[in-house]
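Visitor: Please take a close look at one part of this model, namely its charged side chains and the pairs they form. A connected account, working outward from one residue to its surroundings, would be most useful.

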Amino acid sequence: MIYADFNYYLNNYGGTNISDEQQFRRFASAASSEIDSVTFGNVSLSDAVKQCCCEIVDIIYAYESTSGKSIMYESEKVGDYSVKYLSGTLRNAKKSEDIYAIINRRLMSSGMIYRGVSITE
């Protein structure tokens with residue numbers, strides 16, 4: 001299930017990075033899968049989930065677009081200018097870390113990422 005549609009991305013979230021609905025759906029599907037993997041599918045559709053999905057869409061877009069390279073520096077040297085981009089493995093790890101941070105920040109208080117045991121009598 002895709003948690004946010006293109007209309008929500010544009011009008012509620014205020015997204016500006018993606019202007020093509022098909023491209024958005026591809027990224028939103030990946031973002032929704034990321035949310036499902038952290039919540040174990042324990043998702044109650046809410047504005048927080050939709051906002052989370054849209055923010056992850058923007059992160060995935062940034063990592064996959066050529067302009068996203070600007071956030072992929074491993075190191076940079078000013079004297080005799082030198083730039084070192086993250087390797088594919090480090091880049092994927094950083095992407096996963098960024099996505100998890102978004103999910104954690106957006107959904108922590110919702111109870112959807114609680115991994116403990118609840119016992120009710």
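Guide: K94 has a relative accessible area of 32%, so it counts as partly exposed; the model in which this value was computed is a predicted one. The side chain of K94 meets that of D98 in a salt bridge, with 2.8 Å from N to O. Helix α4 holds both K94 and D98, which are four residues apart, or about one turn of the helix. D98 has a relative accessible area of 18% and is therefore buried, since the limit for that class is under 20%. The pair thus joins a partly exposed lysine to a buried aspartate.

Salt bridges with shared partners also join E55, R105 and R106 into one network. Within that network, R105 and E55 form a salt bridge whose closest N and O atoms are 2.4 Å apart. R105 belongs to helix α4 (residues 88–107) and E55 to helix α3, so this pair ties together parts that are 50 residues apart in sequence. The accessibilities of the two partners fall into separate classes: R105 is exposed, at a relative accessible area of 51%, whereas E55 is buried, at 15%.

D98 also has contacts beyond its own stretch of chain. With its neighbours within four places in sequence left aside, D98 is in contact with I59 and Y63.

The structure holds four salt bridges. Another of them pairs the side chains of E64 and R26, with 3.5 Å from N to O. Here E64 is in helix α3 and R26 in helix α2 (residues 21–39), so the bridge ties together parts that are 38 residues apart in sequence. E64 is partly exposed, at 45% relative accessibility, and R26 is likewise partly exposed, at 47%. Helix α3 therefore contributes E64 to a pair with α2.

A buried charge without such a pairing is found at D58, which lies in helix α3. D58 has no salt bridge although it is buried, and the nearest side chain of opposite charge, that of R106, is 8.4 Å away. That separation is outside the limit, because a salt bridge requires the side-chain nitrogen to be within 4 Å of a carboxyl oxygen. What, then, surrounds D58 beyond its neighbours within four places in sequence? Its contacts there are Y9, Y13 and N17.

Two of these partners lead to the packing of helix α1 on helix α3. Two packed helices are described by the angle between their axes and the distance between the axes. For α1 (residues 6–13) and α3 (residues 47–64), the angle is about 95° and the axes are 10 Å apart. The two helices are consequently roughly perpendicular. On the α1 side, the contact is made by Y8, Y9, N12 and Y13; on the α3 side, it is made by D47, K50, Q51, C54, E55, V57 and D58. By type, these residues divide into five nonpolar, two polar and four charged. E55 and D58 are among the residues of this contact; E55 has a salt bridge with R105, while D58 has none.

These pairs can be placed in the overall arrangement. The protein has four helices and two strands, in the order α-α-α-β-β-α along the sequence. Of its 121 residues, 32% count as buried. Among contacts between residues at least 6 apart in sequence, 64% join residues at least 24 apart. One further approach of parts distant in sequence involves S110, in the segment after α4: its C-alpha is 9.4 Å from that of V43, although the two residues are 67 apart in sequence. S110 is partly exposed, with a relative accessible area of 36%.

The loop between α2 and α3 contains F40. Most residues other than glycine have a negative phi. The phi of F40, by contrast, is near 55°, a positive value in a residue other than glycine. F40 counts as exposed, at 62% relative accessibility.

Methods:
Residues are numbered from 1 along each chain as its sequence is written. This is a predicted model: local features need pLDDT of at least 70, side-chain atom pairs count only at pLDDT 80 or more; totals for chains, interfaces and linings use all residues. Side-chain values use heavy atoms; hydrogens and water are left out. Axes are lines fitted to C-alpha atoms, for helices over the stretch in contact, and angles run from 0 to 180 degrees between N-to-C directions. Angles under 35 degrees count as roughly parallel, over 145 as roughly antiparallel, 65 to 115 as roughly perpendicular and the rest as oblique. Contact means heavy atoms within 4.5 Å. Ala, Val, Leu, Ile, Met, Phe, Trp, Tyr, Cys and Pro count as nonpolar, Asp, Glu, Lys and Arg as charged, and the others, Gly among them, as polar. Buried means under 20% relative accessible area, exposed over 50%, partly exposed in between (1.4 Å probe, protein chains only). Lys and Arg count as positive and Asp and Glu as negative; His and the chain ends are not counted.
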